[in-house]
Amino acid sequence: METPGSGAQRSDRIESWVSSTLSRLSREEKVSLLAGADSWSVSGVERVAVPRLVMSDGPNGVRGTSFVSGRSVCFPCAAALAAAWDPDLVREVGAALGREARRAGVQVLLAPTVNLHRNLLGGRNFESFSEDPELASQLASAYMAGVQSTGVAACVKHFAGNESEFQRHTISSEVDERTLRELYLAPFEAAVTQGAWCVMAAYNRLNGIHASQHHWLLTRILREEWGFDGVVVSDWLATRSTVEALEAGLDVEMPGPPRHRGPALLEALEGGTVTEDLIDRSARRVLRLAARTWASPLAAAPPEPPPG
């Protein structure tokens, strides 16, 4: 149980560890933190005790690190949970999923999906909560809080305008700003302002610009307006560039090995098209995420052992 002031004290310890660790990393080590090492993880830096970050799909279970093997508990899908109109229940489900993630060795659960039901033919409607932004906002916050209560990061997805499966890698969602704010962005804002540690950038374009390199979306709205200090990770193979995406605020390219980070980012750094300050900015966020999860040496408790 936290004592008064202990939350602020832990935050101070995290920031101190992040700054100290960042100062000890080489350029190559910093760049290695900004992309996946493989399909599901970002490699750590063993030399300075930076842990590996393992990610896994949700939202109604924890896949683990394989598409074809392993077992996990299957929970009701988000649309079914939303039909209960019960944020407390959804928070309990989130906490149970967090415990499942710990057992599977996962630090970042790629969930909840908070896109809205806007079309009956939406192929992934089942994994989103609702067509109503208020209900989706309350449940997104509850799910996130439940997952993160276990020391596992919730990665809120897919940011933003990803309400269609048709040509989802290339389609442009054309939405005016008022509609965006009142409908499509509302569940993300609710989860982020309540403390989400991770957000996933979507495949699609938003008003002509890919979400993974959309400065207005990732910097102006997410960070400057909502105060997000966590990590923005790309959807799998959704990173579209080296320089533009980093400048816009995309921290981690997934999966690995990288196409736009790694050697390409080092080349951009050495050629002067990317500054080390930009790399430090994202590396700092990745270190903060590691420190917030139970993977970190600062974690409050060790992971639970796997079920016998």
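**Rings and strands, with the cut-offs**

Colleague: What makes you say that both faces of β9 are covered?

Modeller: V231 and V233 on one side are buried, and so are V232 and S234 on the other. Buried means under 20% relative accessible area, with exposed over 50% and partly exposed in between (1.4 Å probe, protein chains only). β9 itself is a strand, meaning a DSSP run of E with at least two residues; helices are H or I runs of at least four, and both kinds are numbered from the N terminus.

Colleague: And what is this model based on?

Modeller: It's a predicted model, so local features need pLDDT of at least 70 and side-chain atom pairs count only at pLDDT 80 or more, while totals for chains, interfaces and linings use all residues. Residues are numbered from 1 along each chain as its sequence is written, and side-chain values use heavy atoms, leaving out hydrogens and water.

Colleague: How do you know that β6 and β9 pair?

Modeller: Two strands pair if DSSP finds at least two bridges between them. Strand β6 (residues 198-201) and β9 have 4 bridges, in the parallel sense, and C198 stands opposite V231 in β9.

Colleague: How many aromatic pairs turn up in the whole structure?

Modeller: The search finds 4. One of them is W40 with W236, which is tilted.

Colleague: Why is that one called tilted?

Modeller: Rings of Phe, Tyr and Trp (its six-membered ring) pair if their centres lie within 6.5 Å; planes under 30 degrees apart count as stacked, over 60 as edge-to-face and the rest as tilted. Here the centres are 5.7 Å apart and the planes are at 45 degrees, so W40 and W236 pair and are tilted.

Colleague: What does the W40 and W236 pair tie together?

Modeller: W40 lies in the loop between α2 (27-32) and β1 (41-42), and W236 in the loop between β9 (231-234) and α9 (243-248), so the pair ties together parts that are 196 residues apart in sequence.

Colleague: Are W40 and W236 buried or exposed?

Modeller: W40 has 5% relative accessibility, so W40 counts as buried. W236, at 14%, is buried too.

Colleague: Why is the F159 and W226 pair put in the tilted class?

Modeller: Their ring centres are 5.9 Å apart and the planes are at 55 degrees, so the pair is tilted. F159 lies in strand β4 (residues 153-159) and W226 in the loop between α8 (215-225) and β9, so this pair ties together parts 67 residues apart in sequence. Both F159 and W226 are buried, and with F188 they form one aromatic cluster.
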